[in-house]
Every structure is written in structure tokens, then in C-alpha cells.
Amino acid sequence: MKALLALGVIVGLLGATAALTAPAGAKTSPLARKVAVLQRQVKVLQKQVIFLRGEISANYTADACGWALTADTFQVSWGLIDSHNPPAYFGTQTQVSDKGACADLSPAVPRSLAAAPKTTIFQPLINWINP
């Protein structure tokens, strides 16, 4: 039993000595290097995901505003047709909901069913997309 205990002490001392004599900045294991590379890649990819989520959100907002402006143009045209050809064929027009998309853009894109149907209604949206 004493021999086994002595052997354990010797092995422990040799392990501690080997750990203490290892030079500072010794080579890291290949696994540790791979983990470090992967951690850097994850940080880069997380930044890209955040950026792309913002871009997708802006794209959906601009699409909703563009489609709402298109609907406004049709509805103004139908209103003018009704005003020149009684009885009214299309009836009263109400704006479709863009769920606040045009107002969320900066600067906000105005919408109206009172203006004459012109393609200039799209200019503020085009200016927002490509300043």
C-alpha cells in the first residue's frame, strides 16, 4: 500500500513539474486554433446577419409603400373616370393600408387620393431608394 502511495506521489510530482516547466506561450493545440478561427468567423457572420435583416426589413417597407402608391394611382384614375361618366362605375375609393410603410420611410413618402394620377407620385419613393 505504501508503495502504491509513493508511486502516486511521484507521478503527481512529475506531472506538476512538467506543467511548470512548459514554456509560456507554448504551442496551442490544433483544436484550440480551429476554435479561435471559428469564433472570429461567427462574429463576422453575426454582424452580416444583423445588417441583412435591416436590409430585408427596408426592402419590405419600400415594397409595401410602392404597391400602396400603385393602388393610389389606380384609385385616383377610377375616381376621375367616375367623375366624367355618371353614373359612377367604380364608386367611392378608399386607400389601401400600407401598414404605415410610407410614413416609416425617412423622409416619409406622401400618399393621396386627391392628386391627379401622375407618375410623379413615385418620385419620393425613388428618391428614398436611390438618394
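Here is a short tour of a predicted model, with stops at a disulfide, a salt-bridge network and a nonpolar patch.

**Stop one: the disulfide.** Select Cys 65 and Cys 102. There is 1 disulfide in the structure, and this pair makes it, with the sulfurs 2.1 Å apart. Look down the S-S bond: the link is right-handed, at 105 degrees. The two ends come from distant parts of the chain, Cys 65 from helix α2 and Cys 102 from helix α3 (residues 101-104), with their positions 37 residues apart. Turn on a surface and both should drop out of view as buried residues: Cys 65 has a relative accessible area of 0%, and Cys 102 comes in at 1%.

**Stop two: the salt bridges.** Now pick Arg 111, in the loop between α3 and α4 (123-129). Which residues share a salt-bridge network with Arg 111? Add Asp 72 and Asp 98 to the selection, and you have the network. The count of salt bridges is 2. Arg 111 to Asp 72 has its closest N and O atoms 2.8 Å apart, and that pair links distant parts of the chain, since Asp 72 sits in helix α2, 39 residues away. Asp 72 is buried, at 0% relative accessibility. For Asp 98 to Arg 111, the closest N and O atoms are 3.5 Å apart. Asp 98 lies in the loop between α2 and α3, so this pair ties together parts 13 residues apart in sequence. Asp 98 is buried too, with a relative accessible area of 12%.

**Stop three: the nonpolar patch.** Head out to the surface and select Phe 74, Trp 78, Ile 81, Tyr 89 and Phe 90, which make a nonpolar patch of about 540 Å². Zoom in on Trp 78, in helix α2 (residues 30-84): Trp 78 is partly exposed, with a relative accessible area of 31%.

Conventions
Residues are numbered from 1 along each chain as its sequence is written. This is a predicted model: local features need pLDDT of at least 70, side-chain atom pairs count only at pLDDT 80 or more; totals for chains, interfaces and linings use all residues. Side-chain values use heavy atoms; hydrogens and water are left out. Patches are made of residues with over 30% relative accessible area and no salt bridge: like charges are joined within 9 Å, nonpolar side chains (Val, Leu, Ile, Met, Phe, Trp, Tyr) within 5 Å. Accessible areas come from the Shrake-Rupley method with a 1.4 Å probe; for residues, only the protein chains shown count as cover. A salt bridge is a side-chain nitrogen of Lys or Arg within 4 Å of a carboxyl oxygen of Asp or Glu. Helices (H or I, at least four residues) and strands (E, at least two) are DSSP runs, numbered from the N terminus. Buried means under 20% relative accessible area, exposed over 50%, partly exposed in between (1.4 Å probe, protein chains only). A disulfide is a pair of cysteine sulfur atoms within 2.5 Å.
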